[in-house]
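Student: I should like to learn how to read the features of a protein model. Could we begin with the idea of exposure and then proceed to domains and charged pairs?

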Amino acid sequence: MKPLILLLMLAGGLGQAAPAPGIKLNQIGYLPESSKLAVVPAGAASTFEVQSLDGRTVLRGQLGAPSHWEPTGESVRVADFGLLTRPGAYRIKVAGQPLSDPFEVRPGAYHALGVAALKAFYMNRSGTALRARHAGQYARPAGHPDDRVLVHASAASPTRPAGAVIAAGKGWYDAGDYNKYIASSAISTFTLLAAYEHFPDWFGRLDVNIPESGDAVPDILDEAMWNLEWMLAMQDPEDGGVYHKLTNLRFDGMVMPHQAMREPRYVVGKSTSAALGFAATMATASRVLAGYDKRWPGLSNRMLAAAERAWAWAKAHPEVRFRNPPDVLTGEYGDARLDDEFAWAAAELYIATGKGDYYLALQPETVSNTVPAWDDVRGLAWMSLAHHRARLTPLADQALIASRIDALAARFAQAARGGYRVSMRGPDFVWGSNAVMLNQAMMLVQAYRLNGKRVYLAAAQSNLDYVLGRNPTGRSFVTGFGARPPMHPHHRPSEGDSVEAPVPGFVVGGPQPFQQDKAECPPYPSSLPALSWLDHVCSYAGNEVAINWNAPLVYVAAAISVLTPDSESTNMPKEPATLEQILRQESLLQFDSFSNEAALEIGLKLVDLARAEGKGVTVDIRRNGTLLFAHGMSGATADHAEWIRRKNNLVNRTGHSSHYTHTEVRAKGGDIDAITTLDARDYAAHGGAFPVVVRGTGQVGTITVSGLPGPEDHALVVRALKDYLKVDGDL
Ligand SMILES: [Ca+2]
Ligand SMILES: [Ca+2]
């Protein structure tokens, strides 16, 4: 694939001044089994061809009917080339149009994107030099150690009066500037932590080449930790309140970080929104990092305590809305509505602690589901509740969680049926529109993970395609990726260095019609929502970068990579090898009700399946401890019952299948037969026991097979449940 990469780089240089291509597509390409669409201006042509780079036609197809797209007023037709699954490099040909940009079809198509999008956080680290071995040509001296930060008058307290000096080092620069804000940090850090929670195997293997690469911790968690350490320092130890931001009094010039250190730095104000964003993020981190106590002893517990203190501060100060003091001119991140922050923090604290008071504080029936943004975080609450639903206490309204997730995705999927086939409509093109696109994709992914409806995965892919080039500008919006990437982002390190290409892996804000920066910029090419964009460093309103825009890019690149079926394995029954596959099984193989008759039918199905393969197993099905079905086939032995008892205990304790715990322990390098927190006499971390989860109720029982190696026991249960519950698709 080397020659294509070279070609892409050449095209990137040339594409700068070139007009928008007629045929718009994802310029970095597709996984073999993904949906694949290109958008073509509606004209005389009604057919398209896919060609290999040497000009051979490999696929012919009909263009879809002309469709009007309101955000640009264009009439376009779609080329659907999903049938093209063979790895290779291609272009699309439509009569009357120049050949399309080249693109690839290959496994791992978004691996490099995922690495770069996460690496971008490293590139924006405050308080450390970036060395050439990690940052290549973007190496730079350290900026902003923030080891002597002043307490601004707006943040003063009896123990920390105005002018007091504190240390609050590390953290990421927020965006194109050198300041640090809790609001955008919270959603960004959370999104990275959630990406790891949802796709632990993919991130477990992802080597980002940062200073912490090669240690025992996945790089995404190391990177998140860089910012979590800063966030912890933003909590006032005296009262538990959280400073709203750490900034200069005004923005720096377009210089490198180490050249922007003359101005004093302040922690400014405390706010309810900062306390709640902090609480939600720390509760999440305490959960995710609980398995890394060896690396960070006691940290998980400290984070949970910090989260609960911040929550208590917010409850005591529920209406402190941040406004910039008159002498502070940096980003305000003010937030008029705080109900969403309360809901998100309550949800994360409920999941982390299991305390019913937090669930009651959440008032879930009053909380809608919306696309996440730094100032609207209610969607994150639903995302976390859905992911953790198998281990929530009976208080949780499971049906409500599922319906909130599905209803939002259904709306997006409906919107994605016309024009450019993306879920955004004209009014969605606000500041940071590309992040709206990616966050909508992230919420579509939540629904796909919940109910397996392929239309949601396809719609998420479609939004990613938009960001990577299938949009009216014909530009990739990610630096360093695609034939026509942004070259002049509003990003001080990219502009202030001597390297022509900007720091790679950043998604820029994207088109939006309000042009708040037009006084400082050359004329925009258009005022239409999806065409109002300039690739110019002046354009903070459309071409800046930001951590909270990159985080959903990291998430979506991983999600599409993990969830798109694998062409090599779709036709083979496969052992569930990864945690995310098992989580997917657990989320799809749930019941609306679980009767004695269901147990009988499933039990007999299991016996039939085992018999067909010439295997002898013992089957055990229980509801609330009551035995509903048991059978020992010929070949069953006395120790099967003992295995079943211990595997069932594990499922009843964790809420997960025993194979999940098995895989989780193995992934962390642990010994499955000597788990320190479990007595091996009563718990067995071997596959074969599966939770019976009734939607709206929670776990009510177990379905267990014993007699084969654990992964095979587990696979047998999954096959029987898939068949009984009529769940289609790749599990
Ligand atoms: Ca690491
Ligand atoms: Ca809010």
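Tutor: Let us begin with a definition: a residue is called buried under 20% relative accessible area, exposed over 50%, and partly exposed in between. Please keep in mind that this is a predicted model.

Student: Is Lys315 buried, partly exposed or exposed?

Tutor: Lys315 has a relative accessibility of 48%, so the residue counts as partly exposed. Lys315 belongs to helix α8, which covers residues 299–316. Its C-alpha atom is separated by 29 Å from that of Leu329, and the two residues are 14 apart along the chain.

Student: Into which domains is the chain divided?

Tutor: The assignment gives domain 1 (2–105), domain 2 (110–396) and domain 3 (579–725). Taken over C-alpha atoms, the centres of domain 2 and domain 3 are 39 Å apart.

Student: How should one describe the interface between domain 2 and domain 3?

Tutor: The size of an interface is often expressed as the accessible area that is lost when the parts come together. Here, domain 2 and domain 3 bury about 930 Å² between them, with 46% of that area on carbon and sulfur atoms. In terms of residues, 11 from domain 2 are in contact with nine from domain 3.

Student: How many salt bridges and how many polar contacts link domain 2 and domain 3?

Tutor: The count of salt bridges between domain 2 and domain 3 is zero. Four residue pairs, both members at pLDDT 80 or more, are in polar contact across this interface.

Student: Which elements give two or more residues to the side of domain 2 that touches domain 3?

Tutor: They are α4 (182–198) and α5 (200–204). The most is given by α5, with three residues. By residue type, that side of domain 2 comprises four nonpolar, three polar and four charged residues.

Student: What is the general idea of a salt bridge, and how many are counted in this model?

Tutor: Side chains of opposite charge can pair when their charged atoms come close. In this model the count comes to 32 salt bridges. One of the pairs is Glu229 with Lys170, whose closest N and O atoms are 3.2 Å apart.

Student: Why can the pair of Glu229 and Lys170 be said to tie together parts of the chain?

Tutor: Glu229 is in helix α6 (residues 219–233), whereas Lys170 is in the loop between β9 (165–166) and β10 (180–181), so the pair ties together parts 59 residues apart in sequence. Glu229 is partly exposed, with a relative accessible area of 35%, and Lys170 is also partly exposed, at 27%.

Student: Which residues are linked in a network of salt bridges?

Tutor: The network links Arg337, Asp339, Asp340, Asp376 and Arg378. Within it, the side chains of Arg337 and Asp339 meet in a salt bridge of 2.6 Å from N to O. Another salt bridge joins Asp376 and Arg378, at 2.8 Å from N to O.

Student: Are Asp376 and Arg378 buried or exposed?

Tutor: Asp376 has 18% relative accessibility and therefore counts as buried. Arg378, at 7%, counts as buried as well.

Student: What relative accessible area do Arg337 and Asp339 have?

Tutor: Arg337 has a relative accessible area of 49% and is partly exposed. Asp339, at 38%, likewise counts as partly exposed.

Technical notes. Residues are numbered from 1 along each chain as its sequence is written. Chains are lettered from A and ligands numbered from 1 in the order in which they are written. This is a predicted model: local features need pLDDT of at least 70, side-chain atom pairs count only at pLDDT 80 or more; totals for chains, interfaces and linings use all residues. Side-chain values use heavy atoms; hydrogens and water are left out. Domain bounds come from an automatic or database domain assignment. Contact means heavy atoms within 4.5 Å. Buried area is the accessible area (1.4 Å probe) that two parts lose on being put together, summed over both. A salt bridge is a side-chain nitrogen of Lys or Arg within 4 Å of a carboxyl oxygen of Asp or Glu. A polar contact is a pair of N or O atoms within 3.5 Å; within protein, one must be able to donate a hydrogen and the other to accept it, and residues adjacent in sequence count only if both atoms are side-chain atoms. Helices (H or I, at least four residues) and strands (E, at least two) are DSSP runs, numbered from the N terminus. Ala, Val, Leu, Ile, Met, Phe, Trp, Tyr, Cys and Pro count as nonpolar, Asp, Glu, Lys and Arg as charged, and the others, Gly among them, as polar. Buried means under 20% relative accessible area, exposed over 50%, partly exposed in between (1.4 Å probe, protein chains only).
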